[in-house]
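Here are some short exercises to work through with the model open in your viewer. Try each task yourself before reading the solution beneath it.

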Amino acid sequence: HGIAPTLEHYNCIVDLLGRAGQLDEADNFINKMPFQPDAVIWMTLLGSSRIHGFIDRGKHAAEHALELDPDFASVYVVLSNLYAAASRWDDVANVRKLMSDRAVKKESGCSWIMIHNRVHAFITCDRSHRYTKEIYTELERLSQQMEEAGYAPATNIVLHDVDEEQKEHLLHYHSEKLAMAFGLISTAHGEALHITKNLRVCADCHITAKFISKILQREIVMRDANRFH
């Protein structure tokens, strides 16, 4: 189409190769690019390494990314998650210490929904909303219906050294779910819900939205930093 490829186009190819599990090809592609790879390119390879559990490759990508941008908070977070998924808790602690020593701050997750021309924002385990009691009651009701429909919490994504019950608790009150519950109690049956999150929507919240949408016959659209769900 006569479009000159840019670094962003090359990053898309790295992402495609990485998501397909072809990390060797992705790494080779980076090394052969006509551009100098930036921190985002290496972050993309790190993200794919996290998906597929390739620790050495992920560490390699993270080192390159942090050489270029030592303040890139997402690199520390994803590398920490990669180690946590492999139960390498000492490495997790080392990454978090490095992040602290460099005064790098992780952005807090927040979800929001507009109801009657007013934006309502939530963070995980939020109890600051005036309808907190009703929101949490709705979440409990929905949880029972989802379990009856076959839902099982995706506790494998909780990257903390805690037992299964605590993992389920941590998942239960994610900001996306609080926003969904508030939307459901504040709108008419059949009305679509539109929720936005500043970070990536987690896999469990994605699954939860599908179950709730099917059970209640509601259209639920969630938009995060990367895509629509």
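**Exercise 1: A pair within one helix**

Helix H7 (residues 132-148) holds both Arg141 and Glu138, which sit three residues apart, about one turn of the helix. Please keep in mind that this is a predicted model.

Task: find how the side chains of Arg141 and Glu138 meet, and classify each residue as buried, partly exposed or exposed.

Solution.
- Step 1. The two side chains form a salt bridge, with an N to O distance of 2.7 Å. Side chains of opposite charge can pair when their charged atoms come close.
- Step 2. Arg141 has a relative accessibility of 36%, so it counts as partly exposed.
- Step 3. Glu138 has 11%, which lies under the 20% limit, so this residue counts as buried.

**Exercise 2: A shared partner**

Task: the structure holds eight salt bridges; which residues are joined with Arg57 into one network?

Solution.
- Step 1. Begin with Asp24: its salt bridge with Arg57 brings the closest N and O atoms to 2.0 Å apart. This pair links distant parts of the chain, as Arg57 is in helix H4 (residues 55-68) and Asp24 is in helix H2 (residues 23-32), 33 residues apart.
- Step 2. Check the cover on Asp24: its relative accessible area is 47%, so Asp24 is partly exposed.
- Step 3. Now take Asp27, whose side chain meets that of Arg57 in a salt bridge at 2.5 Å, N to O. Here too distant parts of the chain are linked, from Arg57 in H4 to Asp27 in H2, 30 residues apart.
- Step 4. Asp27 has 7% relative accessibility and therefore counts as buried.
- Step 5. Put the pairs together: salt bridges that share partners join Asp24, Asp27 and Arg57 into one network.

**Exercise 3: The helical core**

Task: describe the largest nonpolar core and say which element gives the largest share of it.

Solution.
- Step 1. This core has 33 residues, and those with the most contacts inside it are Ile30, Leu45, Leu46, Val75 and Leu79.
- Step 2. Two or more residues come from each of helix H1 (7-19), H2, helix H3 (39-52), H4, helix H5 (73-85) and helix H6 (89-101).
- Step 3. H5 gives the largest share, nine residues.

**Exercise 4: Laying out the sheet**

Task: work out the strand order of the open sheet, then the sense in which S3 pairs with S1 and with S4.

Solution.
- Step 1. The sheet has four strands in the order S2-S1-S3-S4, with mixed pairing. Strand S2 (118-122) and strand S4 (220-223) are the edges, each pairing on one side only. Direction ignored, neighbouring strands are turned by 25 degrees against each other on average.
- Step 2. Strand S1 (residues 111-115) and strand S3 (residues 193-197) are antiparallel, over three bridges. Ile113 stands opposite Ile195 in S3, and Trp112 has Thr196 as its bridge partner there.
- Step 3. S3 and S4 run parallel and are joined by four bridges; Leu193 has Ile220 in S4 as its bridge partner.
- Step 4. Look at the two faces of S3: Leu193, Ile195 and Lys197 form the covered face, while His194 and Thr196 form the uncovered one. In a regular strand the side chains alternate between the two faces of the sheet.

**Exercise 5: A nonpolar patch**

Task: which residues make the nonpolar surface patch of about 280 Å², and how exposed is Val119?

Solution.
- Step 1. Trp112, Met114 and Val119 make the patch.
- Step 2. Val119 lies in strand S2. Its relative accessibility is 46%, so Val119 counts as partly exposed.

Key:
Residues are numbered from 1 along each chain as its sequence is written. This is a predicted model: local features need pLDDT of at least 70, side-chain atom pairs count only at pLDDT 80 or more; totals for chains, interfaces and linings use all residues. Side-chain values use heavy atoms; hydrogens and water are left out. Two strands pair if DSSP finds at least two bridges between them. Axes are lines fitted to C-alpha atoms, for helices over the stretch in contact, and angles run from 0 to 180 degrees between N-to-C directions. Patches are made of residues with over 30% relative accessible area and no salt bridge: like charges are joined within 9 Å, nonpolar side chains (Val, Leu, Ile, Met, Phe, Trp, Tyr) within 5 Å. Accessible areas come from the Shrake-Rupley method with a 1.4 Å probe; for residues, only the protein chains shown count as cover. A salt bridge is a side-chain nitrogen of Lys or Arg within 4 Å of a carboxyl oxygen of Asp or Glu. Buried means under 20% relative accessible area, exposed over 50%, partly exposed in between (1.4 Å probe, protein chains only). A nonpolar core is a set of buried Ala, Val, Leu, Ile, Met, Phe, Trp, Tyr and Cys residues joined through side-chain atoms within 4.5 Å.
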